[in-house]
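Colleague: Hello! I am new to this structure and would like to go through it with you, one question at a time.

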Amino acid sequence: MCLRETSAPGRSSWDDRLREHIEGGAMVSAASGTASGSALERLRYRLQLLHRQRGEPSFRVVAQRTGKAISHTTVGNVLRCESPPGWGPLELVAEALGGELDEFRALWIAVRDETSPLALPTPGVWEEEKDEQSNTVVLSLPDLDAAEEDLNGRAAERSRREGETRKELLLALEARADSADRLAELHERLGHERGRNEELRQRLAALEAERQEHSRRIERLQDELRSVREERLILLEKLNSLHSRRAELYFTWAREEESRRRNTELDRRERNMEVHELRERLQAAEGLLKSVLASRHEPENPENAGGYES
């Protein structure tokens with residue numbers, strides 16, 4: 001079974017690629033919220049703005065939200081953004097802070113284009129690259145084993161993240177329930193103590209804001225949990241397809257081995273028949289040779305032989 005990737009090279013595809021590159025730069029400028037400044041400055045501004053909108057959690061807290069995939073030092077380097085960060089750490093930090101990954105991917109591409117611009121290939125070179133990509137890719141058993149191992153690792157990582165997200169969701173639900181209980185208690189106290197209305201109103205407002213923050217956090221965690229579940233299902237489907245492909249390869253191999261065995265058996269039988277025929281011919285030749293030799297040793301004239309004996 002082959003996986004084919006087809007493309008339609010042409011001048012129009014080259015123009016579309018240039019148009020997407022230009023529009024991508026426009027999207028980055030619109031998403032950054034500033035009309036001037038380098039791409040790195042725009043990325044730094046969006047990261048720090050997102051960090052502040054999420055209550056400026058500490059670097060260690062953000063690192064824990066990534067499942068400790070990166071250290072708090074790396075989180076600090078990404079948020080300070082003094083130099084172009086790698087996409088992997090940037091993606092983890094943006095995801096932990098609940099940012100839009102598409103926006104930050106566009107900002108990161110703009111930074112990379114600014115710091116390390118790529119030389120645009122000519123239309124002919126671009127068409128050759130697309131022609132090379134359209135070649136058939138054949139997956140062998142080692143490739144399937146490597147892909148299966150990679151998918152198993154990613155599925156285990158998604159399962160771990162799902163468990164951590166579920167625990168965090170339960171904690172957030174408990175915190176929201178506790179805030180609701182305290183809010184109800186303060187409402188009751190507000191009815192009994194009119195003299196402390198202003199203080200209670202302030203505490204009520206603070207608790208209400210805290211409850212809303214917990215609600216937003218719960219919604220984000222629920223969305224993340226759904227996303228992780230969907231990713232795990234996709235990975236499981238890919239694993240099932242790999243298992244099916246492995247079974248097909250084993251079946252094909254067994255069928256070829258059986259065919260080779262049958263051909264070998266037929267060849268062996270034919271050789272045995274040839275040997276048997278050669279033996280029969282050899283025996284016939286030996287019999288003929290013995291008869292010829294016997295005829296040569298017999299007396300030529302039987303009468304002379306008899307007279308000699310008398």
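Colleague: Let me start with one residue: is arginine 158 buried or exposed?

Modeller: Keep in mind that this is a predicted model. Arginine 158 lies in helix α8, which covers residues 141-192. A residue counts as buried under 20% relative accessible area. Arginine 158 has a relative accessible area of 17%, so the residue is buried.

Colleague: Which side chain makes a polar contact with the side chain of arginine 158?

Modeller: Leaving aside residues up to four places away in sequence, arginine 158 touches Val228, Glu231, Arg232 and Leu235. The polar contact between side chains is at 2.2 Å, and the partner is glutamate 231.

Colleague: Thanks! How many residues are in the largest nonpolar core?

Modeller: Leu43, Leu47, Val75, Val93 and Phe104 have the most contacts inside this core. The elements giving two or more residues to the core are α2 (39-53), α3 (59-65), α4 (72-80), α5 (87-96) and α6 (101-115). In soluble globular proteins, nonpolar side chains tend to be buried together. The largest nonpolar core here has 22 residues.

Colleague: What does leucine 47 touch, not counting residues up to four places away in sequence?

Modeller: Leucine 47 is one of the buried residues of α2, and others include Leu40, Leu43 and Leu50. An α-helix has 3.6 residues a turn, so residues three or four places apart point the same way. Beyond four places in sequence, leucine 47 touches Val78, Leu79, Cys81, Leu90 and Phe104.

Colleague: How far does α2 reach from its first C-alpha to its last?

Modeller: Helix α2 has 15 residues, and at 1.5 Å a residue the expected reach is 21 Å. Just after α2, glycine 55 takes a positive phi of about 90°. The reach of α2 in the model is close to the expected value, at 21 Å.

Colleague: How many helices and strands are there in the protein?

Modeller: Along the sequence, the pattern reads β-α-α-α-α-α-α-α-β-α-α-α. Counting them up gives 10 helices and two strands.

Colleague: Last one: where is confidence lowest in the protein?

Modeller: The protein averages a pLDDT of 79, and 76% of the residues score at least 70. Over residues 1-15 the pLDDT is below 50, and the value also stays under 50 over residues 21-36. Where pLDDT is low, the predicted coordinates should not be read in detail. Confidence is highest in α2, at 94, and lowest, at a mean of 36, in strand β1.

Note on methods. Residues are numbered from 1 along each chain as its sequence is written. This is a predicted model: local features need pLDDT of at least 70, side-chain atom pairs count only at pLDDT 80 or more; totals for chains, interfaces and linings use all residues. Side-chain values use heavy atoms; hydrogens and water are left out. Helices (H or I, at least four residues) and strands (E, at least two) are DSSP runs, numbered from the N terminus. Buried means under 20% relative accessible area, exposed over 50%, partly exposed in between (1.4 Å probe, protein chains only). A polar contact is a pair of N or O atoms within 3.5 Å; within protein, one must be able to donate a hydrogen and the other to accept it, and residues adjacent in sequence count only if both atoms are side-chain atoms. Contact means heavy atoms within 4.5 Å. A nonpolar core is a set of buried Ala, Val, Leu, Ile, Met, Phe, Trp, Tyr and Cys residues joined through side-chain atoms within 4.5 Å. The expected span of a helix is 1.5 Å times one less than its number of residues. pLDDT is the predictor's confidence in each residue, from 0 to 100.
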